[in-house]
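Open the model in your viewer and keep the selection panel at hand. The tour goes residue by residue, then steps back to the whole chain.

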Amino acid sequence: MKKIFALLFVSTFIFTACEGPQGPPGFDGEDGVNIVGETYEFSNVNFASSNDYVFEATFNPSLYEGDVMLAYRLESVYNGLDVWEPLPTVSYYNNDTGDNLLYRYNYTINDINIIVESSNFAAFGAEYLNNQVFRVVIVPSDLVSKVDTNNINEVMQAANIKSIQTLN
């Protein structure tokens, strides 16, 4: 009987003390849950005095508390590729007069407001106020500190975003 206990003790010690090479590090997050964000594209956005130079979009269902919303404006298309600039951003008309146009945004868990402010709206043509295209990317808060939020492509890749919901 003593030999059986000794054999069990030694075999338990041997099997629990074994250690192999360390595996590759895993991704941070909750077990079994993929981090996935969402992207919405708003095209044909027009700003005018009649809407107080504000575009508002409501989200249904609401965001999760703690999610982060990032907004980008389609600045141009270069060699067939979209050039997105993160908001807030300023456009200058004439450095001598100091006329500028500021695109900025604010949001709640239910909506986003994209706002245009200017010292002189008349100095800027329709190309700055009409038919604007914006992308709004909803990113889980855990991911924001790990990605360059100035780069929309990097944000979308990190948030595992595969499709864009186009809303007008």
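Is N113 buried or exposed? Select N113 and check its surface. This is a predicted model. N113 has 18% relative accessibility, so it counts as buried, the cut-off being under 20%.

Now show the backbone around N113. The residue belongs to strand β7, which spans residues 111-118. Next, display its contacts, skipping residues up to four places away in sequence. N113 touches V54, F55 and E56, and also R104, Y105 and N106.

Move on to I161. Select the loop that joins α4 (152-158) to β9 (165-167); I161 sits there. Despite the loop setting, look for cover: I161 counts as buried because its relative accessibility is 11%.

What does I161 contact, leaving aside neighbours within four places in sequence? Select G37, E38 and T39, then V137 and M156: I161 is in contact with these residues. Add V139 and draw a C-alpha to C-alpha distance. I161 and V139 lie 9.5 Å apart in space, with their positions 22 residues apart in sequence.

Zoom out and colour by secondary structure. The protein has 4 helices and 9 strands. Trace them along the sequence: the pattern reads α-β-β-β-β-β-β-β-α-β-α-α-β.

Switch to contacts across the protein. Of those with a separation of 6 or more, 65% link residues 24 or more positions apart.

Finish with the surface. About 11400 Å² is exposed, and carbon and sulfur atoms supply 52% of it. Then colour by burial: of the 168 residues in the protein, 32% are buried.

Methods: Residues numbered from 1 in each chain as written. Predicted model: local features only at pLDDT ≥ 70, side-chain atom pairs only at ≥ 80, totals over all residues. Heavy atoms only, no water. Helix = DSSP H or I, 4+ residues; strand = E, 2+ residues; numbered from the N terminus. Buried < 20%, exposed > 50% of the residue type's maximum accessible area, 1.4 Å probe, protein only. Contact = heavy atoms within 4.5 Å. Areas by Shrake-Rupley, 256 points an atom, 1.4 Å probe, with all protein chains shown as cover.
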